[in-house]
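Student: I would like to examine one part of this model in detail, namely a pair of packed helices. Please describe the pairing closely and then place it within the rest of the chain.

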Amino acid sequence: MRALFLVPLLLGSSALAGETKPGPGEVELAALYYYAEQKQQDRLEAETNRLRLKYPDFVVPADVYSPAARQVDESTLWALYEKNDFLGIDAEIGRRRSENPEWRPTEDFSGKLARRKQRVDMMAATARKDWMGVIEAAKNLDPSSETEVDLVWMLLDAYAQTGAKDALTNVYRGLLFREGDKRLPDQQLLTTLQKSTRDFSAEDVRKAMGLLATSPMLQAGLQPVELDLTRKEVADFNADEKRQTPIGESEVGKLRLVAEKGDRPEDLALLGWYDLKLKAPESAERWFKAALVKHRDENDAKGLYLSLAAQNKQDEAYAVAEQYLEDLSGDPEFLMNALSLRFSKPDQPDADVKTVTAYSNAILATSNADHAEILAWYAYNSRQYEASKAWFAKSIDWESAPVRVKGLALSLLRLGEKKDYAALEGEYRDIYPDIWAEIKVATPPKGRRSIAIDMPVASTGGGNGYLAHFKAKRFSACIEDISALEARGAVSADAMLIKGWCHLGLNRLADARNAFEAALGNGRTQADAAYGAALTLLRGRMTDDAEAMIGMYALSEKRDREVRAEIYFQRARSAFDHKQYQRVLDALNARAGLVAEPADLSQLRGWAHYHLGHRAEAQAVFARLNTHLYDPAAARGLAISSDYPTR
């Protein structure tokens with residue numbers, strides 16, 4: 001009997017052992033500890049009663065008044081923090097607060113999260129060169145006490161780029177002239193002083209150095225800063241046409257010693273231009289040659305050419321221009337003058353096809369009548385009369401002169417175009433009466449060049465060139481002309497830029513992007529090409545790619561603002577379509593910092609507030625729109641948002 005009596009007991013105990021009774025989680029318990037800490041006994045009892053109703057076996061923890069027990073596990077939040085997953089953090093905090101409205105993250109986590117967000121925002125804005133974004137993200141930084149100095153350096157860069165001189169000066173003062181335990185470590189002082197050489201005169205920086213160099217170690221560390229100041233002084237001397245008095249040789253001598261090591265091509269070029277200005281072309285030649293060994297650079301090639309030309313080494317100078325044709329095409333006037341020697345003297349050897357093309361493109365880019373005449377005579381003396389006729393006509397279009405009319409007349413005679421010759425003579429006989437007798441007795445040239453001279457199809461003065469087609473919005477004809485140039489290998493960066501605009505005009509986005517990217521490599525067309533490429537990407541809704549494009553290439557302030565405004569518009573529109581309403585507001589706020597907000601975007605703002613439950617804000621937006629201009633959509637938004645109670 002006893003054994004039978006024990007069976008149900010054993011079964012019962014086994015069943016109980018297999019059960020896991022639910023209990024409150026750490027988030028729910030956090031409220032209990034919070035009320036105990038705040039000594040809110042009534043709320044503590046109310047929370048205890050609530051938990052007992054929900055969990056009948058709940059027992060108040062014995063350590064409820066122990067501070068050590070009040071810590072809620074934030075490991076999930078810290079894991080998201082390490083990934084910079086701010087959206088994930090917001091979601092996790094929202095989840096916990098839905099379980100317990102009284103719960104808050106610890107002050108330690110909240111403070112570090114705010115700082116991490118600030119760092120990420122500043123770094124992202126710096127990367128895309130959004131300098132106003134950097135300044136906005138750094139608005140609560142105190143330069144006189146901030147311990148994360150690299151953040152203040154970002155702010156310095158932003159103020160320097162936006163020209164905010166007073167703010168820039170105040171930040172430098174806050175960093176450099178701290179006292180006591182707030183004084184920057186020597187290395188950070190040195191880095192800050194090096195930055196200041198960019199923003200202030202050498203005299204001002206040296207004054208600051210004199211005040212700060214309080215230890216022999218710091219004085220020794222300031223030598224690189226002193227060298228940067230010398231670089232700045234040499235660069236300023238080179239750029240100022242009025243300055244002729246050389247800088248003290250003791251200072252420049254230190255820079256020469258450093259440059260001899262060849263670690264910085266910039267130093268080699270800096271000294272090259274310095275010696276060239278001081279009329280020491282032999283020394284300048286040496287510096288520029290050394291710089292070009294280190295890297296290929298348009299300005300260094302110009303310096304080497306000028307150094308050789310100043311020594312009357314014309315053949316060597318021409319060889320440099322020929323070697324750097326593509327690099328120098330960004331400055332067509334310089335390239336045109338550099339190449340003209342090969343075309344202006346009959347005893348010179350033939351130019352190759354690339355040189356002929358580069359010279360003709362440079363002439364067209366500059367509309368230079370003198371050089372058009374030089375190329376026309378080169379073609380005439382080569383017995384290429386169609387080309388000489390075209391180039392003489394072009395030179396006359398740009399600037400009439402008797403020798404050019406004479407050349408055109410001779411070309412017409414050699415081609416047997418008597419009617420056109422008679423019309424030309426009738427037009428110019430009274431203007432240039434002395435040339436016609438010479439024309440009638442002139443003998444044909446005997447020479448012939450092996451390289452064909454291209455016709456000036458890219459005319460800026462006529463009505464049939466690709467530029468004329470572009471201006472008249474004949475986009476297909478424009479593209480055909482440039483494609484013909486490409487087939488002959490004679491296309492310039494300017495032509496590719498125009499080709500991009502023509503393709504964009506026809507909404508051929510892939511072709512437009514390819515053409516603009518082809519023009520990005522030329523310094524003169526780079527900014528226009530980047531702008532065109534960004535607009536093309538935006539038209540294709542490739543918003544991130546457009547932002548990357550303007551991050552890599554500098555645009556004018558007006559164009560940069562235009563492109564960024566469109567980027568933020570597209571992001572706001574996309575976020576709204578994906579029901580990411582806070583992102584809509586973030587994008588619209590960023591856009592409003594650049595340009596005025598039109599009514600349709602204000603409506604988007606109103607609906608974003610509405611969907612987020614911000615009834616008062618939504619109502620205010622729609623009311624403002626309805627006041628200024630009646631719009632059915634704004635009126636509908638006002639009516640709907642007014643139907644709900646405000647926050």
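Is the crossing in which H8 passes H9 left-handed or right-handed?

Tutor: The crossing of H8 past H9 is left-handed. Please note that the model is predicted. The two elements in question are helix H8, residues 149-162, and helix H9, residues 165-176. Their axes lie 9 Å apart and form an angle of about 155°. Because roughly antiparallel applies to angles over 145 degrees, H8 is classed as roughly antiparallel to H9.

The contact surface can be listed residue by residue. H8 contributes Val149, Val152, Trp153, Leu155, Leu156, Tyr159 and Ala160. On the H9 side, the partners are Ala167, Leu168, Val171, Tyr172 and Leu175.

H8 also has a neighbour that precedes it in sequence. Trp131 belongs to helix H7, residues 131-137. Beyond residues up to four places away in sequence, Trp131 touches Thr126, Asp157, Ala158, Gln161 and Thr162. With Thr162, the C-alpha to C-alpha distance is 6.9 Å, although 31 residues separate the two in sequence. The relative accessible area of Trp131 is 18%, so this residue counts as buried, the limit being under 20%.

The wider setting is as follows. The protein contains 37 helices and zero strands. Of its 647 residues, 44% are buried. Among contacts with a separation of 6 or more, 57% join residues 24 or more positions apart.

Two nonpolar cores deserve mention. The largest has 54 residues, and those with the most contacts inside it are Leu339, Phe343, Trp391, Val405, Leu424, Trp436 and Ile453. H22 supplies the largest share of this core, with seven residues. A second, separate core comprises 36 residues, including Leu141, Val152, Phe200 and Val205. Val152 provides the link to the helix pair, as it is also among the H8 residues that meet H9.

Within the largest core, Ile453 can be followed further. Leaving aside neighbours within four places in sequence, Ile453 is in contact with Val356, Leu375, Tyr378, Ala379, Gln384, Ala387 and Trp391. Gln384, one of these partners, sits in the loop between helix H22 (369-381) and helix H23 (385-398). Its side chain reaches the backbone nitrogen of Ile453 at 2.7 Å. Gln384 has a relative accessible area of 14% and is therefore buried.

Another buried loop position is Gly262, at 10% relative accessibility. Gly262 occupies the loop between helix H14 (249-260) and helix H15 (265-277). Gly262 and Lys294 are 32 residues apart in sequence, with a C-alpha to C-alpha distance of 8.0 Å.

Finally, two loop residues call for attention to backbone geometry. Most residues other than glycine have a negative phi. Asn312, however, has a positive phi near 65°. Asn312 is located in the loop between helix H17 (298-310) and helix H18 (314-323), and its relative accessible area of 60% makes it exposed. Ser367 likewise has a positive phi, of about 50°, without being a glycine. Ser367 lies in the loop between helix H21 (353-366) and H22, and is partly exposed at 30% relative accessibility.

How values were computed:
Residues numbered from 1 in each chain as written. Predicted model: local features only at pLDDT ≥ 70, side-chain atom pairs only at ≥ 80, totals over all residues. Heavy atoms only, no water. Helix = DSSP H or I, 4+ residues; strand = E, 2+ residues; numbered from the N terminus. Buried < 20%, exposed > 50% of the residue type's maximum accessible area, 1.4 Å probe, protein only. Polar contact = N/O pair within 3.5 Å; in protein donor to acceptor, adjacent residues only side chain to side chain. Core = buried A, V, L, I, M, F, W, Y, C linked by side-chain atoms within 4.5 Å. Contact = heavy atoms within 4.5 Å. Axes fitted to C-alpha atoms, helices over the stretch in contact; angles between N-to-C directions. Parallel < 35°, antiparallel > 145°, perpendicular 65-115°, else oblique. Left-handed = near helix turned anticlockwise from the far one by under 90°.
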